[in-house]
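Thank you all for coming. I would like to take a few minutes to walk through one protein model, and I will put it on the screen now.

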Amino acid sequence: MSLPASLPPQNLHSVIDISLDTAYQGIDDRAWQSLFAGARQSGLEGFIADMFAGKHINNSEDRPALHSALRNLSQTPVMIAGADVMPAVAKVWERIEVISKQWDGVTDVIHIGIGGSDFGPRLAIEALAHVPGIQNRGMHMHFLANIDTAELARILARAKPQTTRVIIVSKSFTTLETTMNAKAVVAWLKDCGRNPEEIAQSLYAVSANVAAAKAFGILEDHILPFWDWVGGRYSVWSAVGLPIALQYGFETFKQFLAGAQAMDLHFQNAPLEQNLPVIMALTLLYQQEQHDIKAFAAIPYADALDWFPKWLQQLDMESNGKSIDRDGKPVKHSSPVVFGSAGSNAQHSYFQLFHQGTEIIPIDFIAVREPMSDRPEAVAHHRILLSNCLAQAQALANGKTASNPNDVYPGKRPSNLLLLPKLDAFYLGALLALYEHRTASLGALWNINSFDQPGVEYGKVLAKPIEKALASHQNNIQANADIDAVTAARINFLNSK
Ligand code: F6P
């Protein structure tokens, strides 16, 4: 598994200056050939074409998955049910641009949303904060997701009610956490003395359910729509990404879309053998065929990307964490557990297990060539950051022999190295789109529908009778059709003083 003196071409791939090095995957030429042949056999090329053509690849919900239309800056027609969606998409861009040039004097933005309506903009706001030279309006961007009022309390303690704007983001506009938090923030504005007209002027919504947003009391011209053909976890490219334009300007938001569009064009047109998302998907599939893979880690050596693994967790596990395929048959493989956090911090946490634990955990190391701040220390620190990243991958791949068993590193632990030339809006967009397409490619290889999430519903249904039982304050709840004996006992314990 050690890296040869010069990289054989099959290990190094590059698009828009993003390079992927798979040398530490231990995949030889023959294995690559068989992986690509398998990918062809599974119909991956047809799947990619169908996705961009707007076919209903989300078969369970009978919908296309056309988030790529949201970053189609060239506005070539994208047809859904015989109509081009690009004029509607472009109209939302215009509205984002107008809004992003207003909001003067706004000190705080409270963005209320959860899951796909939270991770993308939260990640982007943090990732771009220290890009050298970036325009930054310096608003306090608060992301409110949790129903736990500790988050609400923390935000409300900091925000200035007279100069706060609120964006309620929910594809469905029925998500309990979001609607309850929105009501709490509206109540806070009222308690702080803002009158109904002022409150109405401060509230905005982003949703695919415009009727529900209106019913909530949002002014019609404060509602930015998106559409049911955009999955929640694929939605940062829509007006869900409004905070990016507000904080960093519309041009930066466009750059973010442009990076993603460049990756779309690559994914759509490159042959499988040069296709970055496909190659990344195949490296995981290969390791699944070799080992009993239970987990996968993404380790960005970029502090600004600390939220990236959390965004990826939803993308991968909500998309592909399934045990049946598109045809209802049991799958051989599906998404492993996905985790990660920024390096080098992660080295001082769970890397012990990567090196000497019993699990083989494929890793994507993500590094950035240029320093990510303009501090005077940036060059020296960055060299150390990069050397740590390279050293970890080498140690994991090659291992080390020793007479003391404690000092033995088994090696043969696979990893990819993804290298971005720099971390700016363009490359952030490209990075996220790369992983979206990796996820979709894995879904296609496993024959899983990556665009629904039926498994999240049952718990939401069960929470309702449980909440009712907790609200009753009774401590003699009996097991019934909705609440089993264990949960009844837990409710009774919580309800007893
Ligand atoms: O419960 C899961 C989920 O539906 C995710 O798929 C989604 O990103 C999140 O909840 C939020 O949904 P919404 O945007 O409709 O509020």
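Let me begin with a question: what distance should the 13 residues of helix α12 span, and how far apart are its end C-alpha atoms? At 1.5 Å a residue, helix α12, which covers residues 308-320, should span 18 Å, and its end C-alpha atoms are indeed 18 Å apart, so the expectation and the model agree. I should say at once that this is a predicted model, and everything I describe this morning should be heard with that in mind.

Staying with this helix, its buried residues are Phe 308, Pro 309, Trp 311, Leu 312, Gln 314, Leu 315, Asp 316, Ser 319 and Asn 320. As a general reminder, an α-helix has 3.6 residues a turn, so residues three or four places apart point the same way. If you look for what covers the buried residues of α12, you will find, among other things, the helices α4 (119-127) and α15 (425-446), together with the strands β10 (295-300), β11 (337-339) and β12 (363-368).

One of those covering elements, helix α4, contains Arg 122, and with a relative accessibility of 14%, under the 20% cut-off, Arg 122 counts as buried. Leaving out residues up to four places away in sequence, Arg 122 touches Phe 143, Ala 145, Glu 151 and Trp 307. Arg 122 and Gly 241 are 119 residues apart in sequence, yet their C-alpha atoms are 9.0 Å apart in space.

For a contrasting pair, consider Ile 27, which sits in the loop between β2 and α1 (29-41). The C-alpha atoms of Ile 27 and Lys 101 are separated by 50 Å, with the two positions 74 residues apart along the chain. Although Ile 27 lies in a loop, its relative accessibility is 7%, so Ile 27 counts as buried. Beyond its neighbours within four places in sequence, Ile 27 is in contact with Trp 32, Leu 35, Thr 283 and Tyr 286.

Now to the backbone, where a general point helps: most residues other than glycine have a negative phi, and most peptide bonds are trans. Against that background, Asp 17, in the loop between β1 (12-15) and β2 (18-21), has a positive phi of about 70°, and at 56% relative accessibility Asp 17 counts as exposed. Asn 447, in the loop between α15 and α16 (457-471), also has a positive phi, near 60°, but with 27% relative accessibility Asn 447 counts as partly exposed. Finally, the peptide bond that joins Gly 343 and Ser 344 is cis, with an omega of about 10°, and Ser 344 belongs to the loop between β11 and α13 (351-356).

Let me close with the whole protein, which has 17 helices and 13 strands. For 497 residues, a compact globule would have a radius of gyration near 23 Å, and the value here is 24 Å, which agrees. Buried residues make up 52% of the 497, and among contacts between residues at least 6 apart in sequence, 73% join residues at least 24 apart. The accessible surface comes to about 22200 Å², with 54% of it belonging to carbon and sulfur atoms. As for charge, the mean positions of the 40 positive and 48 negative charges are 3 Å apart.

Notes
Residues numbered from 1 in each chain as written. Predicted model: local features only at pLDDT ≥ 70, side-chain atom pairs only at ≥ 80, totals over all residues. Heavy atoms only, no water. Helix = DSSP H or I, 4+ residues; strand = E, 2+ residues; numbered from the N terminus. Rg over C-alpha atoms; globule rule 2.2 N^0.38 Å. Buried < 20%, exposed > 50% of the residue type's maximum accessible area, 1.4 Å probe, protein only. Contact = heavy atoms within 4.5 Å. Areas by Shrake-Rupley, 256 points an atom, 1.4 Å probe, with all protein chains shown as cover. Lys, Arg positive; Asp, Glu negative; His and termini not counted. Charge placed at Lys NZ, Arg CZ, Asp CG, Glu CD. Expected span 1.5 Å × (residues − 1).
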